[in-house]
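Open the model in your viewer and keep the selection panel at hand. The tour below goes stop by stop.

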Amino acid sequence: MPQEFAFINWLRSRTPADSRVLVGPGDDTAVLVPLTRPILVTVDMLMDGTDFHLSEVGPRAAGRKAMAVNLSDIAAMAGVPTATVVSVALPTPGGREFGEQLYAGIRDLADEFGVSVVGGDTNSWAGGLVISVTLLGEATERGVVRRSGAKPGDWVFVTGPLGGSILGHHLAFKPRVREALKLHEVTGLHAMIDVSDGLAADLNHILEESRCGGVLFETAVPVSPAAFELSRTSGKTPLEHALGDGEDFELVFTVSPADGAQLVRDQPVPGITLTKIGECVDAGLWLEENGQRRLLEPTGWEHRL
Ligand SMILES: [Mg+2]
């Protein structure tokens, strides 16, 4: 397709030299310099109407989000993002300007986080915009942090306030890549995940993989201003938004009590406040208020015993 050919040339002309990339966009495949440490691979496909409303946000914000959600997954493993390939199905009337805006959004974050855009596939069709970003990363010398390492007694932390991301945070958030690497450097991370499904659901993913339980302290969960704003019309409390809303893209992690106490005291990660929101226990997912525990559904819905 001539349009695609022109687009690859455009992409090529905007791809800076990267010593990790032997062959960038424009050949049959990209070729990367072999790494010495384990390679992380993640992919996320975003669709107009599900992950964003294109008519409201425009292509640049859609492209940015497609890159951001993948960076957040690399962050959740405490990895270093390296290179990406991007597939897009453009809506037919979009045209070249549309594609350039979309890639500009991808590049905004790729450049900021040192990620090379090494290839892409561009098609157009009569449906809505679909973007699939595949992102590669590299483990640090300390290895990756999985969901499965939490232990009863661990302290549970979050890297920022939660809830109400639908009001804008889900498009504008900064993936916690640097914060995750700093944490990995200064403390012993047992398990980590990024909040995409909602705090209760994502903590539950850690607990299931780690075969233990957890309790969240109701008054400790940091609730975002957006959660308060949304609660004025949603019929839910701000806390319910913080527990159940998705796409906060903060990190939830567990550490030993000794490491946790040190994190609380030192606050070693610039720009964010690490908040202890709970502890791991033997079994179950609980919400605690005034010393009383009630079961918490992973969806964030609360059921009184
Ligand atoms: Mg994730």
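In what order do the 4 strands of the open sheet with S3 in it run? The order is S3-S6-S4-S5, and the pairing is mixed. Keep in mind that this is a predicted model.

**Stop 1: the sheet with S3**

Select residues 39-47 and then 116-125. These are strand S3 and strand S5, the edge strands, and each pairs on one side only. Neighbouring strands of this sheet are turned by 15 degrees against each other on average, direction ignored.

Now add residues 79-91, which make up strand S4. S4 and S5 pair in the parallel sense, over 9 bridges. For a single point on that pairing, pick Val85: Gly119 in S5 stands opposite.

Next, show residues 95-112. This is helix H3, lying across S4, S5 and S6. Its direction runs at about 165 degrees to S4.

**Stop 2: the largest nonpolar core**

Select Leu129, Ile131 and Phe253. Of the 51 residues in the largest nonpolar core, these three touch the most other members. Which element gives this core its largest share? H2 does, with 10 residues. The core also crosses the domain division: at least three residues come from each of domain 1 (2-139) and domain 2 (147-295).

Stay on Ile131 and display its surroundings. Leaving aside neighbours within four places in sequence, Ile131 is in contact with ten residues listed here in three groups:

- Asp44, Met45 and Leu46
- Ala62, Gly63 and Ala66
- Val86, Ser87, Val88 and Leu102

Another core, of 24 residues, lies apart from the one just visited. To find this second core, select Leu162, Ile193, Cys212 and Leu287, which are among its members.

**Stop 3: the two domains**

Colour residues 2-139 and 147-295 separately. The protein chain is divided into these two parts, domain 1 and domain 2. Their C-alpha centres lie 29 Å apart. At the contact between them, 20 residues of domain 1 meet 18 residues of domain 2.

**Stop 4: the sheet with S8**

Move to the open sheet of 7 strands. Its order is S8-S10-S7-S11-S9-S12-S13, with mixed pairing. The edges are S8 and strand S13 (292-295), and each pairs on one side only. From one strand to the next, the twist averages 25 degrees.

Select residues 251-255 for strand S10. S10 pairs with S8 in the antiparallel sense over 4 bridges. Within that pairing, Met192 has Phe253 as its bridge partner. Phe253 is also one of the core residues from Stop 2.

S7 joins S10 as well: 4 bridges link them, and the two run antiparallel. Here Val156 has Thr254 in S10 as its bridge partner.

Is S10 enclosed or open? 5 of the 5 residues of S10 are buried, so the strand is largely enclosed by the rest of the structure. Side chains in a regular strand alternate between the two faces of the sheet. In S10, Leu251, Phe253 and Val255 lie on one side, with Val252 and Thr254 on the other, and both faces are covered.

Add residues 257-266 to see helix H9, which packs on the sheet and touches strand S7 (155-158) and S10. The direction of H9 makes about 35 degrees with that of S7.

**Stop 5: Gly153**

Click on Gly153, in the loop between strand S6 (130-139) and S7. Gly153 is partly exposed, with a relative accessible area of 32%. Not counting residues up to four places away in sequence, Gly153 touches Pro257 and Cys280. Then measure to Asn204: 51 residues away in sequence, and 16 Å away in space, C-alpha to C-alpha.

**Stop 6: the magnesium ion**

Finish by centring on the magnesium ion. Which residues coordinate the ion? Asp73 (OD) and Asp194 (OD) do, at 2.1 Å. The two come from distant parts of the chain, 121 residues apart. Asp73 is in helix H2 (residues 54-76), and Asp194 is in strand S8 (residues 191-194).

Compare their exposure. Asp73 has 23% relative accessibility and counts as partly exposed. Asp194 has 3%, so this residue counts as buried.

Definitions and conventions
Residues numbered from 1 in each chain as written. Predicted model: local features only at pLDDT ≥ 70, side-chain atom pairs only at ≥ 80, totals over all residues. Heavy atoms only, no water. Donors = N, O, S within 2.8 Å, 3.2 Å for Na, K, Ca; no water. Buried < 20%, exposed > 50% of the residue type's maximum accessible area, 1.4 Å probe, protein only. Core = buried A, V, L, I, M, F, W, Y, C linked by side-chain atoms within 4.5 Å. Domains from an automatic or database assignment. Contact = heavy atoms within 4.5 Å. Pairing = 2+ DSSP bridges. Axes fitted to C-alpha atoms, helices over the stretch in contact; angles between N-to-C directions.
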